[in-house]
Structures are given as C-alpha cells and as structure tokens.
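Let's take a walk through a protein fold together, one piece at a time. Keep the structure open beside you and look up each residue as it comes along.

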Amino acid sequence: MSELRKEGRSGGRSSLLEMVMNCLGTLREWLEDPTVTDIMINRPDDVWIQQGGKKFRCGAKISAAQVEAAITLLASNSGIQVSNESADAIVSTKLPGFRVEATLPPVAVDGPTISFRRNNMVVKDMADWVKQGALPQDVADFLTAAVRRRLGVAVVGSTGSGKTTFANTLLGCFPPDDRIITIEQVPELVVKSPNNVRLQINPQVRVTAKRLVESVLRQNPDRIVLGEARGGEANDLLQAANTGHPGPLVTLHANNGAEGLPRFEDMVAQSSDAPDSREGIQVRIATAFQVMVFMTLVDDDRIVAEVVKVDGFDRQSKEYKTTLIYRSSRYEKFDVPMLGGDQGGLTRAA
C-alpha cells in the first residue's frame, strides 16, 4: 500500500487528499506514484506529467466538473469559497506530500486548472549532495562555513531546480542555538533548531510576506528565512539584514547565478519605501548578501551549478564585486555567460 493511500485513511488534510483523488479518478495512480514530481491539469482532458525530469501528456480523461469539484475541496482547505463568479478564482494550498495551485475561469481561459507539485520529503545533509556528485566537498565546506558565520545566502534557480531542497540543507547547518523564524506561502522548510517559529503567508486574509517580515522583527529572531522572495517584501528583508539581523536565507527565481542580484533588485524596487536610487538598492543588497547559490536540473539530477561570492558594490563602476567560487562542469555544457568580477578560487566538478 502506498504512503499516500495510507495517509488517505487518516483524518484532516490526509482525508482531504483522498477526497481530491476520488474527484480526479484516473489521476490517482499518478498522484500515488512517488517517481512523479508534477501533475498538471492544463484544462479538462489535457493532463501532463513530469517524471524523471521529463514532461509528457498522460492521456487521462478528466471533465471540467471533476476538476471544479476538486478545486472546491482545495479551497475549503484554505478557508475560502470559490466559483466562476467569485473574486477568489486562484487557490494556493498544501496537501500531504504536495503543494497545489489551482485556477478557475475566467482567470483560466480554457477551463479549470490544477498543478500538483510533489514535496521532497527527504531533508538532505550537505554530505548527501557531495555523495551524489551535486557539488564537491570544498564547496560544501565553504557553504557550511558561510551560514555558520551568519553570511546572507540567496538560493536561486528555476521552478523544480531544487532551491527549497538545498535551502533545507543550509538550514540544517545553522548553529543549533539560533532562534530561526521562517516565512512561506506553502510550508516546506524544515527547521532542526528547537527555537523556531514558522509563519505562513495567506493573501486571502491579507497576511502578506511584507506584513510578516515586519512582524518578525518584533519577535527577536537570530535568523530570518524567506521561503521565496517574490516582491516588495525583499526590501523589508534587506532592512532587517542591515539593521541587526544578519545572515538571511532566501530563495528566488533566476536563470543563473549572474541574474540573481539584479532579480533581487527588481523585487526591492517594487516596495513603496525602497531607496530612491538603483545604486542605493544595490549597495544594500551587497551588504546583506554575501553568497549566491544557483541550482539547476541537469539530466535528471538537481545540482549546485554555481556559487558566487559577493564582495560589495563598486560605486565607480556601478557593478557588484563578485567572485565565481565554483561552476559545475556538468553545467558548462550549456552556453552560459561567465560572471563579472574575479574568477579566483574557481573550483570545477569532475
């Protein structure tokens, strides 16, 4: 019997998962298959699967009524009511083993949609990544030392690249006596420190990431961890890091290590109280974050593709002072730009 089937017989969210699977009928086998990372209902009768890093259409027949019934159940998990006439046509929630995003018409033009992303339930130690060939030992040691010294670290990459999985690994390297407060929309971070608080974003009741970062500052944190930076809350995180709360950890979407810094700039600039000049934003970012880790998927493996050390911001050249500490040889098979700044201490994977 699969773990999902076992969970479905318990109460609470697990029984909700069972009801959702009952609504979706023929998708049960994919939802119960641990090798499947994503199930994507693009529209009725159009279902795609991601398995082993490959996406393919599975041919399942799912009616609009089935999808809408499942979305209604998912919405109940978030405490909201949805319909085609409702303003709440987007549902973000979590089920045992999955994070889920769903949309209804008119937001979804071709019919209701649901995307299931399977959570990686295994928290890896840094040694696990080294053993799997995802990064060399000296780079693992550098990253472990960085978080223990309370340097700011941003983990960047595309969807499904392993950002949250690696952020969990870095969380496991924090000093055990740190008071850690995490902020996420869908809780996925695993905090080993006994002194921790986990906070959840809930846009439906106006609990935004920005509001939570402001609240965290009044809760005596040693470390603030933002599960994913998306907008103006990035500015509040910068303010916290530069006013007595060093060593933030954050994930964000970017196409490579070089793009992580300007991507964070764009998010800071969305805040109404961001610095007036772009240079002012850049200086604050360079002060708050000292390490950028770029994750990517190569073949079927999630790897650390690049590690960039941020040494400050040069006001004359108006560029970040960076050192490319590491680039994986597996990543180099792609046509990727080298970063500006020094290339000293560059380590390449075998």
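Start with strand E11, residues 249-253: 4 of its 5 residues are buried, so the strand is largely enclosed by the rest of the structure. Keep in mind that you're looking at a predicted model.

What runs alongside E11? Strand E7 (residues 153-157) is joined to E11 by 5 bridges, and the two run parallel. If you want a landmark on that side, find Val 155, which stands opposite Thr 251 in E11. Strand E10 (residues 223-226) also runs parallel to E11, with 2 bridges joining them. Here the landmark is Leu 226, standing opposite Val 250 of E11.

Now pick out Leu 252 and look around it. Leaving aside neighbours within four places in sequence, its contacts include Ala 154, Val 155, Val 156 and Gly 157. Others on its list are Lys 163, Ala 229, Gly 260, Arg 263, Phe 264 and Met 267.

Leu 252 also belongs to something bigger. In soluble globular proteins, nonpolar side chains tend to be buried together. In this model the largest nonpolar core has 40 residues, and the members that touch the most other members are Ile 183, Val 250, Leu 252, Phe 264 and Phe 289. Which helix gives this core its largest share? That's helix H9 (residues 233-241), with 5 residues. There is also a second, separate core of 33 residues, with Val 20, Ile 80, Ala 89 and Ala 102 among its members.

Lys 163, one of the contacts of Leu 252, takes us to helix H7. This helix covers residues 163-171 and is mostly covered itself, with 8 of its 9 residues buried. The buried ones are not just greasy side chains on a list: Lys 163, Thr 165, Asn 168 and Thr 169 are among them, along with Phe 166, Ala 167, Leu 170 and Leu 171.

Next, let's move to another sheet. It's an open one with 6 strands in the order E3-E2-E1-E6-E5-E4, and the pairing is antiparallel. Strands E3 (54-57) and E4 (90-95) stand at the edges with a single partner strand each, so one side of each has no neighbour in the sheet. From one strand to the next, the twist averages 15 degrees. Zoom in on E1 (residues 36-43) and E2 (residues 46-51), an antiparallel pair with 6 bridges. In that pair, Ile 39 has Ile 49 of E2 as its bridge partner. Helix H4 (residues 64-77) packs on the sheet and touches E1, E4, E5 (98-103) and E6 (113-118), with its direction at about 70 degrees to that of E4.

Time to talk about charges. Side chains of opposite charge can pair when their charged atoms come close. The count for this model comes to 21 salt bridges. One of them joins Arg 117 and Asp 38, whose closest N and O atoms are 2.6 Å apart. Arg 117 sits in strand E6 and Asp 38 in strand E1, so this pair ties together parts that are 79 residues apart in sequence. Are these two buried or exposed? Buried counts as under 20% relative accessible area. Arg 117 has 16%, so it counts as buried, and so does Asp 38, at 7%.

Compare that with Asp 273 and Lys 210, a salt bridge with its closest N and O atoms 3.9 Å apart. Asp 273 is in the loop between helix H10 (257-269) and H11, while Lys 210 is in helix H8 (residues 209-216), 63 residues apart. Asp 273 is partly exposed, with a relative accessible area of 38%, and Lys 210 is partly exposed too, at 28%.

Salt bridges can also be linked up: Arg 43, Asp 46, Arg 57 and Asp 110 make a network of them.

Our last stop is Glu 279, in helix H11 (residues 278-288). With a relative accessibility of 19%, Glu 279 counts as buried. Leaving aside neighbours within four places in sequence, Glu 279 is in contact with Phe 313, Arg 315 and Lys 318. Its side chain makes a polar contact of 2.6 Å with that of Arg 315. The side chains of Glu 279 and Lys 318 also meet in a salt bridge, 2.7 Å from N to O. Lys 318 lies in the loop between strands E13 (301-314) and E14 (319-327), so this pair ties together parts that are 39 residues apart in sequence.

Terms used:
Residues are numbered from 1 along each chain as its sequence is written. This is a predicted model: local features need pLDDT of at least 70, side-chain atom pairs count only at pLDDT 80 or more; totals for chains, interfaces and linings use all residues. Side-chain values use heavy atoms; hydrogens and water are left out. Buried means under 20% relative accessible area, exposed over 50%, partly exposed in between (1.4 Å probe, protein chains only). A polar contact is a pair of N or O atoms within 3.5 Å; within protein, one must be able to donate a hydrogen and the other to accept it, and residues adjacent in sequence count only if both atoms are side-chain atoms. Contact means heavy atoms within 4.5 Å. Two strands pair if DSSP finds at least two bridges between them. Axes are lines fitted to C-alpha atoms, for helices over the stretch in contact, and angles run from 0 to 180 degrees between N-to-C directions. A nonpolar core is a set of buried Ala, Val, Leu, Ile, Met, Phe, Trp, Tyr and Cys residues joined through side-chain atoms within 4.5 Å. A salt bridge is a side-chain nitrogen of Lys or Arg within 4 Å of a carboxyl oxygen of Asp or Glu.
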